[in-house]
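Q: Please take a close look at one part of this model. I would like the local backbone first, then what surrounds it.

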Amino acid sequence: MQAYIGIGSNLENPIAQLDRAIETLKKHDDINHFRVSSIYGSKPVGPQDQPDYINAAATFTTKLSPIALLDLLQSIEQAQRRVRERHWGPRTLDLDLLLYGQEQIQLPRLTVPHTFMLERGFVIKPLSDLAPDMLLANGKTVIEQLHQLDTSDLVFIKEE
């Protein structure tokens, strides 16, 4: 199955946090054909009394089920000392399962497509690096969705 994830961090050397998570995912036995977007900086969503975020997206194929993939992503977050102090608060690493093929999933632990992804430039811009012509659940392509968002706070950091 083709999966897309969002990767973010705003604590403890965020670029290094992203690089470490990316390397862990690339080396995992159940992940193949791994590609990652460029890395962008953005203002935080929610409380503004925290550092700016570093964000990217990645895509890969996997035979893992959506819940097994979520478990893997959360185990990587925990290995990188993720702490959930407050909703939309700072974090060392945030790995979100954005898309899992064309599946629509509504479970207590997992909603796919990711609930807020269509509203967030820091998700859609990196996604457009990977799949600009991919059709989203709202009937728009990723690039069409990007053009409807305010991305003025996004700053290009580096190409992966």
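Where does proline 113 lie?

A: This is a predicted model. Proline 113 sits in the loop between strand E7 (111-112) and helix H3 (121-130). The peptide bond that leads into proline 113 from valine 112 is cis. Its omega is near 0 degrees. Most peptide bonds are trans.

Now the pocket. Pro113 helps line the second largest pocket, and is among the lining residues closest to its centre. The others named there are Leu99, Met117, Leu136 and Ala137. The lining has 14 residues. By class, eight are nonpolar, five are polar and one is charged. The volume of this pocket is about 180 Å³.

A second backbone feature belongs to another loop. Asparagine 13 is found between strand E1 (2-9) and H1. Its phi is near 60 degrees, a positive value in a residue other than glycine. Most residues other than glycine have a negative phi.

Next, the helix that follows that loop. H1 covers residues 14-27 and packs on H2, residues 66-79. The angle is about 140 degrees, and the axes are 11 Å apart. H1 is therefore oblique to H2, since over 145 degrees would count as roughly antiparallel. The crossing of H1 past H2 is right-handed.

Which residues meet in this contact? H1 brings Arg20, Ala21, Thr24 and Leu25. H2 brings Leu72, Leu73, Ile76 and Ala79. By class, that contact has six nonpolar residues, one polar and one charged.

Terms used: Residues numbered from 1 in each chain as written. Predicted model: local features only at pLDDT ≥ 70, side-chain atom pairs only at ≥ 80, totals over all residues. Heavy atoms only, no water. Axes fitted to C-alpha atoms, helices over the stretch in contact; angles between N-to-C directions. Helix = DSSP H or I, 4+ residues; strand = E, 2+ residues; numbered from the N terminus. Parallel < 35°, antiparallel > 145°, perpendicular 65-115°, else oblique. Left-handed = near helix turned anticlockwise from the far one by under 90°. Contact = heavy atoms within 4.5 Å. Nonpolar A, V, L, I, M, F, W, Y, C, P; charged D, E, K, R; others polar. 1 Å grid on protein atoms, 1.4 Å probe; cavity = no way out; pocket = protein on both sides within 12 Å on 5 of 7 lines; lining within 4 Å. Points joined across faces, edges and corners; volume = space filled by probe spheres on them.
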